[in-house]
Amino acid sequence: MQNLGKLSKFFLYLAALSCVLWFGGYFSRILLMYQIFGPKDLLLKPYVTDQNLGGIFITLNSAVSFTMTFYTSFIVSFAIFILTSKIKLKEEGWLFIIMMIVIITAPFELYLMSYDYKIAYNVFYNTMLPRDVLALYVRRIKVINSFPLIEIFSYCAIIFLFVFQPLRYKKTNEA
């Protein structure tokens with residue numbers, strides 16, 4: 001992987017940067033989003049009222065927009081990196097596993113982003129009542145219940161694979 005061109009290195013940098021920014025935003029967004037719900041049945045905590053629900057969603061809307069932007073940037077730059085780098089995935093097993101994790105999790109995340117888009121649009125343009133936006137949040141959580149946790153662990157594995165690069169095929173000189 002040392003023989004990358006400037007274009008490939010640029011898209012690798014963009015992919016790594018946008019992945020790190022998306023992952024941090026995603027993690028903090030999940031932590032913030034679950035703070036408004038109680039431990040069972042996704043009922044609101046007592047301090048969340050109809051009066052402050054709109055302000056909470058405006059605050060969360062920046063995290064929603066942030067994660068949508070950087071996930072899209074990550075997917076596009078990662079795909080361009082794979083196409084322009086001409087790396088043989090048979091020789092770079094770690095990159096193959098990273099690519100498989102991204103490909104497997106992408107459809108689920110893109111599906112969840114459809115809910116995020118509705119939430120961001122409605123909060124930004126103030127077209128829905130806060131209770132309707134809350135219903136979108138609850139539906140988003142219930143649709144794919146434990147996927148965000150699985151995705152967080154998968155992307156932690158990506159960080160490990162990227163740093164240590166295991167499963168690398170080493171050519172040996174045989175006489």
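**Cysteines, core and surface of a predicted model**

Colleague: Is Cys-19 buried or exposed?

Modeller: The relative accessible area of Cys-19 is 11%. Buried means under 20%, exposed over 50% and partly exposed in between (1.4 Å probe, protein chains only). Because its 11% falls under the 20% limit, Cys-19 is buried.

Colleague: What kind of model is this?

Modeller: Residues are numbered from 1 along each chain as its sequence is written, and side-chain values use heavy atoms, without hydrogens and water. Local features need pLDDT of at least 70 and side-chain atom pairs pLDDT 80 or more, while totals for chains, interfaces and linings use all residues, the model being predicted.

Colleague: How many disulfides does the structure hold, and how far from Cys-19 is the nearest cysteine sulfur?

Modeller: A disulfide requires two cysteine sulfur atoms within 2.5 Å, and a search of the whole structure returns zero. For Cys-19 the nearest cysteine sulfur belongs to Cys-156, and Cys-19 is in no disulfide. Cys-156 is likewise unpaired, with the sulfur of Cys-19 as its nearest. The separation is 10 Å.

Colleague: Is Cys-156 buried, partly exposed or exposed?

Modeller: Its relative accessible area is 37%. Cys-156 is therefore partly exposed.

Colleague: Which residues does Phe-74 touch?

Modeller: Contact means heavy atoms within 4.5 Å, and residues up to four places away in sequence are not counted. Phe-74 then touches Ala-15, Ser-18, Cys-19, Val-102 and Tyr-155.

Colleague: Which helix gives the most to the largest nonpolar core?

Modeller: A nonpolar core joins buried Ala, Val, Leu, Ile, Met, Phe, Trp, Tyr and Cys residues through side-chain atoms within 4.5 Å. This one has 47 residues, and Phe-57, Phe-74, Phe-78, Tyr-137 and Tyr-155 touch the most other members. Helices α1, α2 (50–85), α3 (93–125), α4 (130–143) and α5 each supply at least two of its residues. With 12 residues, the greatest contributor is α3.

Colleague: Is Arg-29 buried or exposed?

Modeller: Arg-29 sits in helix α1 (residues 6–34); helices are DSSP runs (H or I, at least four residues), numbered from the N terminus. Among the residues that Arg-29 touches are Asp-116 and Arg-140. At a relative accessibility of 2%, Arg-29 is buried.

Colleague: What is the relative accessible area of Val-163?

Modeller: Val-163 lies in helix α5 (residues 147–164). Together with Ile-159, Phe-160, Phe-162 and Phe-164, Val-163 makes a nonpolar surface patch of about 510 Å². Patch residues have over 30% relative accessible area and no salt bridge (Lys or Arg side-chain nitrogen within 4 Å of an Asp or Glu carboxyl oxygen), with nonpolar side chains joined within 5 Å and like charges within 9 Å. Val-163 counts as exposed because its relative accessible area is 55%.

How values were computed:
Areas by Shrake-Rupley, 256 points an atom, 1.4 Å probe, with all protein chains shown as cover.
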